[in-house]
Amino acid sequence: MNDHERSSSVDGTVRVGDLTFDNPVIAASGTFGFGGELAPYYDLSVLGGICTKGLTLRPRAGNPPPRVAETASGMLNAVGLQNPGIESFLEKELPRMLSYGSRIIANIAGQELCEYAELARLLDQTEVDAVELNLSCPNVSAGCLAIGSEPHLIEEVTAACREVTDKPLWVKLTPNVTHIALCAQAAERGGADAVVLINTLLGLAVDLATERPILRNNTGGLSGPAIKPVALRMVKEVYDHTDIPIVGLGGIARAEDALEFMLCGASAVQVGTASLVDPGMIFRLPGEMAEIASQYGYSRLAEFTGRLQFWERT
Amino acid sequence: MPVLKGKGFVYQATIAEKILLDPQTALLTLDAPAVARTASPGQFVQLSTSRFLRRPISILSADRARGTVELGIRAAGTGTEELIGMAAGTAVSVIGPLGRGFSLENTGELIAVGGGIGLFPVIFALEDAKRLSIKTTLIAGFRSEAQTLLPERLRNLADRSVFSSDAGGLDFHGNAAEALSSELSASAESPGGNSGRAKIITCGPVPLLRAVAAIAAGRGIPCDVSLESRMACGIGVCLGCAVPVLDRAGEIAYERCCYEGPVFDASRVAWRNMAGLV
């Protein structure tokens, strides 16, 4: 048996709550548009799922530029949730996204609790497979970061959305907190089907010549390989303290990274910033994960989830 | 674009030739048939370096028969420094051609205004215009006579060419926008004077682009500007490289430099909000 035959015998199917995915690889919100830019070049059905750009009730112009800054092994961004608004999404983007043959997760962001519930309600009767609450965007002046760092608000907003939709509810958590597990437990109490972590780490890039921040928003969200160790630690912490599935992300740039997240407790993974540098990587990932799995003697990718054994304290 | 689905658009390419124009500026010829096949003036490629993000580089010309594209690069930071230091034979990962370039459709006469390294994408447009038998004028702005780029090549590119410099010593004493004004005013036979199908294209520093856009607007000549913005993906998915434009209601909206641009209709650009940008 050659490598390809061996890897194709690995079952990539994973479950996140009641939702089954052909493979654990999902395109992360804000790094894949609505899929239309890459669809002419790649077969999007290869992916387990696609998360939309963050959607708000009304269209948002986003932040003024510069919005991005390169950092060591990563980047900062402060796009500010530029999006056409939920109405335009449902009318123009969703029908096309549904034709891609991949699961569609709608990422929603509000400034207040009631906006999240309204967005969830509007998505309830649509064909999206899940709703991801972005409780963690660091780049808008009011709202979601504040909600995302207060466990009682996380619970409240999750519960408010739970009330208006039967769609699987995923809660995307910010790492800019002291106790990530408390935030995950709050989402669980609110009725979340899964938690997604981590979003970007709040950061600052400085221009020595102008004595100004590089980003017009001053601060931005750090992503890329630089944040992977932080993300792995948080996924493991949440895995040990909650009973709902975890979708892990933060700096995944190759198949090994994705499997490390699964070992730490992730049932599925998202790939974000890596797609900005190598847009083809995410499409190779499911196959490469299967290949590595077969080398380690696994027959199902789902078997990786949560197998990490911490050393005993001495 | 005739790309086979599933094949993607990230290519391994080889640097076929490198010419240093000055210690900070290089022409790289990239052996990249897939890029050369569909490249058009004003488009760019994303090149990998050892840095995290790719670097957007404008295409200076494309030779479909040879399968090569020529890229003009000015060292402006660690990534571009690394690129101009690359020797022939070096392998690089390239994505492209990307973005929306200059439109020469329905153009009877092309007036190209380039400042410094902003001349690079303009060269491609003038070569295309020549192939399409469009009458051409080039206005090339430099800081000084000593800082001209590719002077012989530029001289033979357009039917008429004017080199300008604030420091004097070239055809026109003043900046490229002033040279454009002077050209347009010279006579009824001057560029844009009588064809009715004239178009201005421009690339260079923002103050030059803004001045050229104002001149074009004043004379009712359509104008394409090639803009820059700090860019991450280059392929339209991250919304990082925002350019401020005015929407139909006159409100500020942001478009992607890499996707709706890098070439924009000058009359749509929110110039007041471009100040302070690269």
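## A covered strand in chain B

In this predicted model, strand β5(B) is mostly covered, with 6 of its 7 residues buried. A residue counts as buried here if 20 or more other C-beta atoms lie within 10 Å of its own.

β5(B) has strand partners. Strand β2 of chain B, residues 25-31, pairs with β5(B) in the antiparallel sense, over 7 bridges. B:L30 stands opposite B:V69 of β5(B). β4(B) also runs antiparallel to β5(B), and 4 bridges join the two. There, B:S61 has B:E70 of β5(B) as its bridge partner. β4(B) and β5(B) form a hairpin, with 4 residues between the strands. In the turn, B:G67 has a positive phi of about 75°.

## Two domains in chain B

The domain assignment of chain B gives domain 1, residues 10-98, and domain 2, residues 109-225. Taken over C-alpha atoms, the centres of domain 1 of chain B and domain 2 of chain B are 25 Å apart.

Where do the domains touch? In domain 1 of chain B, 10 residues are in contact with 10 residues of domain 2 of chain B. On the domain 1 side, the elements giving two or more residues are β4 (55-63) and β5 (68-74) of chain B. The largest share of that side comes from β4(B), with 4 residues. By class, the domain 1 side has 4 nonpolar, 5 polar and 1 charged residues. The hairpin strands β4(B) and β5(B) thus return here as contributors to the side of domain 1 that touches domain 2.

## Chain A as a whole

Chain A has 10 helices and 16 strands. Its radius of gyration is 19 Å, close to the 20 Å that the globule rule gives for 314 residues, so chain A is as compact as a globular protein of that length. Along its principal axes, the C-alpha trace of chain A spans about 55 × 50 × 50 Å.

How much of chain A is buried? Of its 314 residues, 59% count as buried. Contacts in chain A often link distant parts of the sequence: among those with a separation of 6 or more, 72% are between residues 24 or more positions apart.

## An enclosed helix in chain A

Helix α6 of chain A covers residues 180-190, and 8 of its 11 residues are buried, so the helix is largely enclosed by the rest of the structure. Among the buried residues are A:I180, A:C183, A:E188 and A:G190. Their cover includes α5 (151-164), β9 (169-172), β10 (194-197) and α7 (228-241) of chain A. After α6(A) comes A:G191, with a positive phi near 105°.

## An open sheet in chain A

In chain A, 4 strands form an open sheet in the order β5-β6-β14-β11, with antiparallel pairing. β5 and β11 (201-204) of chain A stand at the edges with a single partner strand each, so one side of each has no neighbour in the sheet. Neighbouring strands of this sheet are turned by 40° against each other on average, direction ignored.

β5(A) and β6(A) pair in the antiparallel sense over 4 bridges. A:T71 stands opposite A:G74 in β6(A).

## Where the chains meet

Which elements of chain A touch chain B? In all, 32 residues of chain A are in contact with 28 residues of chain B. The elements giving two or more residues to the chain A side are β5 (68-71), β6 (74-77) and α9 (274-277) of chain A. The residues of this side divide into 16 nonpolar, 11 polar and 5 charged.

Notes: Residues numbered from 1 in each chain as written. Chains lettered and ligands numbered in written order. Predicted model: local features only at pLDDT ≥ 70, side-chain atom pairs only at ≥ 80, totals over all residues. Domains from an automatic or database assignment. Contact = placed C-beta atoms within 7 Å. Nonpolar A, V, L, I, M, F, W, Y, C, P; charged D, E, K, R; others polar. Rg over C-alpha atoms; globule rule 2.2 N^0.38 Å. Buried ≥ 20, exposed ≤ 12 C-beta atoms within 10 Å, placed from the backbone. Pairing = 2+ DSSP bridges. Axes fitted to C-alpha atoms, helices over the stretch in contact; angles between N-to-C directions.
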